[in-house]
Amino acid sequence: MLIAETEQRLAARLAELRLQRGWSLDELATATGISRASLSRIERGETSPTAALLNRLCVAYGLTMSRLLSEVEEGVDLLLTPEQQPVWRDESSGFVRRNVSPPAAHFRAELVEGQLRPGARIDYDAPPVQGLEQHIWLQQGGLTITMDGQSWTLQTGDCLRFHLTGRSAFEAHLTDGARYLLVVCKP
């Protein structure tokens, strides 16, 4: 139930962001490369955006995915138990994202747990915020991260720190998948 409610709030927030900017669906479609029909279905809550599509929307709005998802979460508690931590799923890519940190506008860093099913891959066309600082600590499995022609293959326990620029991709190990902690530091 919590996931469905979160997705409805996400749909409403995406529609609100577009309207705040005075954009038509056609203008947003041009800016993101997402069809007008898909955008309409997403904003009406008829379908949930994939991680790649959500990233395109975040780029258009200049928001990190963490910030966008925290805007649709309820409450301002400083402590979240695992049951209270919002989970967002992209079934098509096999990506599960848990916001571990309580949502708060006045903090710069956020902690996210990511899981990718075996062999899953997510391609991002552009970062939502150019130069965004990220730290990825692999907890289980294997994960290959590609960004601007560079590639890193992480094994359990490895930690990669970088500033996110250009196109990027996350690809999980073929049989073990990947579970990692991601720290996102806003500029």
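# Reading a predicted model, feature by feature

Tutor: Start with helix H3, residues 36-43. Its buried residues are Ser 38, Leu 39, Ser 40, Ile 42 and Glu 43. Keep in mind that this is a predicted model.

Student: What comes just after H3?

Tutor: Gly 45, with a positive phi of about 75°.

Student: How should I read a positive phi?

Tutor: Begin with the general idea. Most residues other than glycine have a negative phi. Now look at the ends of two more helices here. Just after H2, Gly 33 has a positive phi of about 75°. H4 is followed by Gly 62, whose phi is also positive, near 70°.

Student: Which residue other than glycine has a positive phi?

Tutor: Asp 148, with phi near 45°. Look for Asp 148 in the loop between S5 and strand S6 (150-155).

Student: Is Asp 148 buried or partly exposed?

Tutor: Partly exposed, because its relative accessible area is 48%. The label "exposed" needs over 50%.

Student: Which loop residue counts as exposed?

Tutor: Take Gln 130, which counts as exposed at 55% relative accessibility. Gln 130 is in the loop between S4 and S5. Its C-alpha atom is separated from that of His 163 by 8.1 Å. Along the chain the two are 33 residues apart.

Student: And how do I read burial inside a helix?

Tutor: Note which residues are buried, then view the helix down its axis. Try H2, residues 25-32. Leu 25, Leu 28, Ala 29 and Thr 32 are buried there. They cover an arc of only 105° around the axis, so they sit on the same side of H2.

Student: Which residues are exposed on the other side of H2?

Tutor: Thr 30 and Ala 31.

Student: Which residues of H4 are buried?

Tutor: In H4, residues 51-61, they are Ala 51, Leu 54, Asn 55, Leu 57, Cys 58 and Tyr 61. Seen down the axis, these buried residues fall within an arc of 160°, so they line one face of the helix.

Student: What does the UniProt annotation say about this part of the chain?

Tutor: An unreviewed UniProt entry carries the annotation "domain: HTH cro/C1-type" for residues 14-68. That label comes from the record. In the model, the chain over residues 14-68 is 69% helix and 0% strand. The end C-alpha atoms of that stretch are 9 Å apart.

Student: What should I look for in a nonpolar core?

Tutor: The general idea is simple. In soluble globular proteins, nonpolar side chains tend to be buried together. Here the largest nonpolar core has 43 residues. Leu 116, Ile 136, Leu 143 and Tyr 180 touch the most other members.

Student: Which strand gives the most to this core?

Tutor: Strand S5, residues 132-147, with 6 residues. The core also draws on two domains: at least three residues come from each of domain 1 (1-69) and domain 2 (87-185).

Student: Now the rings. How many aromatic pairs does the structure hold?

Tutor: It holds 5 aromatic pairs. To read one, check the distance between ring centres and the angle between planes. Tyr 124 and Phe 170 form an edge-to-face pair, 6.0 Å centre to centre, with 85° between the planes. This pair links distant parts of the chain. Tyr 124 is in strand S4 (residues 121-124), Phe 170 is in strand S8 (residues 168-172), and they are 46 residues apart. Both are buried.

Student: Which residue joins Tyr 124 and Phe 170 in a cluster?

Tutor: Tyr 180, through ring pairs.

Student: What lies over the face of Trp 23?

Tutor: Arg 21, at 6.0 Å from the ring centre.

Student: One last case. Is Leu 182 buried or exposed?

Tutor: Leu 182 is buried, with a relative accessible area of 9%. The cut-off for buried is under 20%. Leu 182 is in strand S9, residues 178-185. Its C-alpha atom and that of Arg 89 are separated by 16 Å. Those two residues are 93 residues apart along the chain.

How values were computed. Residues are numbered from 1 along each chain as its sequence is written. This is a predicted model: local features need pLDDT of at least 70, side-chain atom pairs count only at pLDDT 80 or more; totals for chains, interfaces and linings use all residues. Side-chain values use heavy atoms; hydrogens and water are left out. UniProt positions are given in the numbering used here, feature names are shortened, and annotations may be inferred rather than shown by experiment. Helices (H or I, at least four residues) and strands (E, at least two) are DSSP runs, numbered from the N terminus. Rings of Phe, Tyr and Trp (its six-membered ring) pair if their centres lie within 6.5 Å; planes under 30 degrees apart count as stacked, over 60 as edge-to-face and the rest as tilted. Buried means under 20% relative accessible area, exposed over 50%, partly exposed in between (1.4 Å probe, protein chains only). A charge sits over a ring if NZ of Lys or CZ of Arg is within 6 Å of the ring centre and within 35 degrees of the ring normal. The arc is that of the directions from the helix axis to the C-beta atoms. A nonpolar core is a set of buried Ala, Val, Leu, Ile, Met, Phe, Trp, Tyr and Cys residues joined through side-chain atoms within 4.5 Å. Domain bounds come from an automatic or database domain assignment.
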